[in-house]
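Here's a quick briefing to read with the structure open beside you. Take it one topic at a time and find each spot as you go.

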Amino acid sequence: MVEKVGFIGLGIMGKPMAKNLISAGYELTVYNRSPEKADELAGDGATVAESPKDVAAQSDIIVTMLPDSPQVYEVVAGENGILEGISDGALVVDMSTISPVVTEELAVAVKEKGASMLDAPVSGGDVGAIEGTLSIMVGGDEGDFERAKPLFEVMGKTVTHVGPTGAGQVTKAANQIVVALTIEAVSEALVLGSKGGVAPEKILDVLGGGLAGNKVMEVKREKFLSHTFDPGFRSELHHKDLGIALTAGREYGVALPVTAIVDQMLLAMRKKGWGGEDHSALLRIIEDLSQHEIG
Ligand code: NAD
């Protein structure tokens, strides 16, 4: 039996992920808070629902791709939420990046309805979502993972069951530490090099060929060099993610000293009104501190 799929949250990531599922032949029921994004998918053959409850009532597997913990909580457990419409045996797959604590709480509430839940956050950005090459890290029951795997394989390339409920979110927090700290390090390298008289493109070329080479330099190259920071991944979302990492670190007794510093830089970006810009605009913080724009 081909599962009927519901999809809630059709933003930068959710819309292309939902489109890929439709292209792969899945029957989709969709919902988004701003309805015009859902209407766009109706043109591709999706059914537009009135509420998350309505999506759940029409679906075997319900995928959510929402900004943060409060939105996932509201969509799952709020008024007209998934829990009000969910059937016995259904599966909720939350692919948003949220707190592992909220994930665990919601998984219990879903289980009380005779259904189950996976946390399946992703990395790979908007390009990975469009191309169906996301890296998907999944927490929850092994059997539920196997059930959702055909969907994951449409949306992603590297699909890994990493452990029980919450483990997907913990893995994603670890991922977000590495990405943020790498953007920060590349930004410092670019500003230092540029102030010292070396062209930024030369710095990226040369560093990219050695041990310092990394994907941030490749994927964000044009954004760094042209200073066009349309997202991509909004810096305010990355600030949210480091908050999740720091809270988890506090809970587990793990020191994350440099994460804490970069968290403050991302907060400063929000305060400067740059929260909607791509996270690579962290370069502007280093430029600002140094009073030097690269190039
Ligand atoms: P986004 O803001 O573009 O999309 C979120 C969507 O959810 C929007 O369409 C919004 O209208 C909708 N929404 C918000 N609240 C809602 C509600 N209560 N009910 C229904 N719909 C609601 O965000 P995004 O960039 O697509 O990110 C989604 C998630 O994926 C976030 O948790 C983010 O951290 C994570 N993520 C993003 C990227 C990226 O590169 N953008 C990469 C990996 C992971």
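The buried residues of helix 1 are covered by a set of elements that includes strand 1 (5-8), strand 2 (28-31), helix 2 (35-42), helix 7 (125-131), strand 8 (134-139) and helix 8 (142-155). Keep in mind that this is a predicted model. We'll start with that helix, then look at a buried acid, a buried loop residue, a surface patch and some unusual backbone spots.

**Helix 1**

- Helix 1 runs over residues 14-23, and 8 of its 10 residues are buried, so the rest of the structure largely encloses it.
- The buried ones are Gly14, Lys15, Pro16, Met17, Ala18, Asn20, Leu21 and Ile22.
- Right after helix 1 comes Gly25, with a positive phi of about 105 degrees.

**Asp119, a buried acid**

- You'll find Asp119 in strand 6, which covers residues 116-119.
- What is the nearest side chain of opposite charge to Asp119? That's Lys172, but it is 12 Å away, and Asp119 is buried with no salt bridge.
- To make that judgement, you need the cut-off: a salt bridge calls for a side-chain nitrogen of Lys or Arg within 4 Å of a carboxyl oxygen of Asp or Glu.
- The side chain of Asp119 does have backbone partners: it reaches the backbone nitrogen of Gly168 at 2.9 Å, and one of its polar atoms lies 3.1 Å from the backbone nitrogen of Gln169.
- Leaving out residues up to four places away in sequence, Asp119 touches a list of residues that includes Asp94, Thr103, Met137, Val138, Thr165 and Ala167. Gly168 and Gln169 are among them too.

**Ile98, a buried loop residue**

- Ile98 sits in the loop between strand 5 (91-94) and helix 6 (100-112).
- Is Ile98 buried or exposed? It is buried, because its relative accessible area is 0%.
- Not counting residues up to four places away in sequence, Ile98 touches Asp68, Ser69, Val72, Thr103, Gln169 and Ile244. Thr103 and Gln169 may ring a bell, as Asp119 touches them as well.
- Ile98 and Gly243 are 145 residues apart in sequence, yet their C-alpha atoms are 10.0 Å apart in space.

**A nonpolar patch on the surface**

- Val170, Tyr252 and Val254 make a nonpolar surface patch of about 260 Å².
- Val170 belongs to helix 9, residues 167-195, and is partly exposed, with a relative accessible area of 33%.

**Unusual backbone spots**

- Here's the background: most residues other than glycine have a negative phi, and most peptide bonds are trans.
- Asn80 has a positive phi, near 60 degrees, although it isn't a glycine. Look for Asn80 in the loop between helix 4 (69-77) and helix 5 (82-85).
- With a relative accessible area of 35%, Asn80 counts as partly exposed.
- His227 is another non-glycine residue with a positive phi, near 55 degrees. His227 is in the loop between helix 12 and helix 13, and is partly exposed at a relative accessible area of 23%.
- Which two residues does a cis peptide bond join? They are Pro231 and Gly232, with an omega of about 15 degrees.
- Gly232 lies in the loop between helix 12 (221-226) and helix 13 (235-252), where His227 is found as well.

Note on methods:
Residues are numbered from 1 along each chain as its sequence is written. This is a predicted model: local features need pLDDT of at least 70, side-chain atom pairs count only at pLDDT 80 or more; totals for chains, interfaces and linings use all residues. Side-chain values use heavy atoms; hydrogens and water are left out. Helices (H or I, at least four residues) and strands (E, at least two) are DSSP runs, numbered from the N terminus. Buried means under 20% relative accessible area, exposed over 50%, partly exposed in between (1.4 Å probe, protein chains only). Lys and Arg count as positive and Asp and Glu as negative; His and the chain ends are not counted. A polar contact is a pair of N or O atoms within 3.5 Å; within protein, one must be able to donate a hydrogen and the other to accept it, and residues adjacent in sequence count only if both atoms are side-chain atoms. Contact means heavy atoms within 4.5 Å. Patches are made of residues with over 30% relative accessible area and no salt bridge: like charges are joined within 9 Å, nonpolar side chains (Val, Leu, Ile, Met, Phe, Trp, Tyr) within 5 Å. Accessible areas come from the Shrake-Rupley method with a 1.4 Å probe; for residues, only the protein chains shown count as cover.
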